[in-house]
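Here are some notes to read beside the sequence and the structure. Please take the points in order and look up each residue as you come to it.

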Amino acid sequence: MTLQENLFGGPPATHLPDRPEPQAAIESGTEPAKVVTQWPDFSEGWAALAELALRENNPVAAYAYARTGYHRGLDQLRRAGWKGHGPVPWAHRPNRGFLRALAALARAAQAIGETEEFQRCTQFLADSDPEAPAQLGLA
């Protein structure tokens, strides 16, 4: 069974639209700050900034970057028909920016002692796609 199959009548999987230009910029190694300056609604750029801040042991900055990417992603999910629940598959490449921002938000929340936020974010990630926590090192 795949995430696209729906045997219980729940919502269908949400697939964000492709973003070829900012995706190519991130994949080519453009600094994430430059990417989000040009495309401020690109969740993956914010996720990359958050991940960098976490690697640099700056969880407060990581939290802010991740929260921005998370909220930009929520806006895009809603525009794509998401109603606040249902699958957001990791396998669909454009969804990964939102899922990475959510995982970075969980890590940053944990680092600053926001236990409830950490738990909420890790549960949301698993609810979005049961494979996502393992893909993002939160399993």
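1. Is T14 buried or exposed? The model is a predicted one, and in it T14 has a relative accessible area of 5%, which is under the 20% that serves as the limit for a buried residue, so T14 counts as buried. T14 belongs to the segment that comes before α1. If neighbours within four places in sequence are left aside, the residues in contact with T14 are L77, A80, W82, P87, V88, P89 and N95.

2. H92, found in the loop between α4 and α5, can be set beside T14. Its relative accessibility is 22%, and because buried means under 20% and exposed means over 50%, H92 is classed as partly exposed. Apart from neighbours within four places in sequence, H92 is in contact with H15 and L16. As for Q23, this residue and H92 are 69 residues apart in sequence, while their C-alpha atoms are 13 Å apart in space.

3. How far apart are the end C-alpha atoms of helix α3? The helix covers residues 43-55, and at 1.5 Å a residue its 13 residues should span 18 Å; the end C-alpha atoms are indeed 18 Å apart, so the expected and the computed values agree. Just after α3 comes N57, which takes a positive phi of about 60 degrees.

4. The surroundings of α3 deserve a careful look as well. Ten of its 13 residues are buried, so that the helix is mostly covered, and among these buried residues are W46, L49 and A53. The buried residues of α3 pack against four other helices, namely α1 (20-27), α2 (32-38), α4 (59-79) and α5 (96-111).

5. The last point concerns α5 and helix α6, which consists of residues 115-128; their axes come within 8 Å and cross at roughly 155 degrees. Because angles over 145 degrees count as roughly antiparallel, α5 is roughly antiparallel to α6. The crossing of the two helices is left-handed. On the α5 side the contact is made by F98, L99, L102, A103, L105, A106, A109 and Q110, and on the α6 side by E117, F118, R120, C121, T122, F124, L125 and S128. Sorted by kind, the residues of this contact are eleven nonpolar, three polar and two charged. When reading such a list, keep in mind that an α-helix has 3.6 residues a turn, so residues three or four places apart point the same way.

Note on methods:
Residues numbered from 1 in each chain as written. Predicted model: local features only at pLDDT ≥ 70, side-chain atom pairs only at ≥ 80, totals over all residues. Heavy atoms only, no water. Expected span 1.5 Å × (residues − 1). Buried < 20%, exposed > 50% of the residue type's maximum accessible area, 1.4 Å probe, protein only. Contact = heavy atoms within 4.5 Å. Axes fitted to C-alpha atoms, helices over the stretch in contact; angles between N-to-C directions. Parallel < 35°, antiparallel > 145°, perpendicular 65-115°, else oblique. Left-handed = near helix turned anticlockwise from the far one by under 90°. Nonpolar A, V, L, I, M, F, W, Y, C, P; charged D, E, K, R; others polar.
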